[in-house]
Amino acid sequence: MLKLYGYKKCGTCRKAEQFLQQAEIAYEFIDITENPPTGVELAAIVERANVPLNKLFNTSGVQYRELEIKKKLPALSSREILALLASNGRLIKRPLITDGERATVGFNAEQFATVWG
């Protein structure tokens, strides 16, 4: 079963949920702000989604700006980035979806149709 890490007040997450519901794909919703994925899970998602690690950041989020992550990012190791993201789900781009073999970061209807459709 798919795991959808999201936030109920997030419009992008609602679009992803709507897509999965219309496609009749079962999923487990996990509130990313209360139960963010672990560093190990995030590393696996990056690999499965084939995206650079920095693409996991919610760059439009308030906390990203408040914590000045953009300035700090170049000095952080991959391990430090994963630990930072795992410690604060509000920093993570959403939704994150994985079935253990594939993963997507964010919502793109075409990508969803290809990967999950």
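**Close-up views of the predicted model**

**View 1. The open sheet of four strands.** In this predicted model, four strands form an open sheet in the order S2-S1-S3-S4, and their pairing is mixed. Strand S2 (27–31) and strand S4 (103–105) are the edge strands, each of which pairs on one side only. From one strand to the next, the twist averages 15 degrees.

**View 2. Pairing of S3 with S4.** Strand S3 (residues 96–98) and S4 are joined by three bridges in the antiparallel sense. At one of the paired positions, Thr 98 has Ala 103 in S4 as its bridge partner.

**View 3. Helices H1 and H2 against the sheet.** Helix H1 (residues 11–22) lies across strand S1 (2–6), S2 and S3, and runs at about 160 degrees to S1. Helix H2 (residues 39–49) also packs on the sheet, where it touches S1, S3 and S4. The direction of H2 makes about 95 degrees with that of S4.

**View 4. The largest nonpolar core.** This core holds 21 residues, and those touching the most other members are Leu 42, Leu 56, Phe 57, Leu 85 and Leu 96. H2, helix H5 (78–87) and S4 are the elements that give two or more residues to the core. H2 supplies the largest share, four residues.

**View 5. Surroundings of Leu 85.** Leaving aside residues up to four places away in sequence, Leu 85 touches Pro 36, Leu 42, Leu 56, Phe 57, Leu 91 and Ile 92.

**View 6. The second core.** Nine residues make up a second, separate core. Among them are Leu 2, Leu 20, Phe 112 and Trp 116.

Key:
Residues are numbered from 1 along each chain as its sequence is written. This is a predicted model: local features need pLDDT of at least 70, side-chain atom pairs count only at pLDDT 80 or more; totals for chains, interfaces and linings use all residues. Side-chain values use heavy atoms; hydrogens and water are left out. Two strands pair if DSSP finds at least two bridges between them. Axes are lines fitted to C-alpha atoms, for helices over the stretch in contact, and angles run from 0 to 180 degrees between N-to-C directions. Contact means heavy atoms within 4.5 Å. A nonpolar core is a set of buried Ala, Val, Leu, Ile, Met, Phe, Trp, Tyr and Cys residues joined through side-chain atoms within 4.5 Å. Buried means under 20% relative accessible area, exposed over 50%, partly exposed in between (1.4 Å probe, protein chains only).
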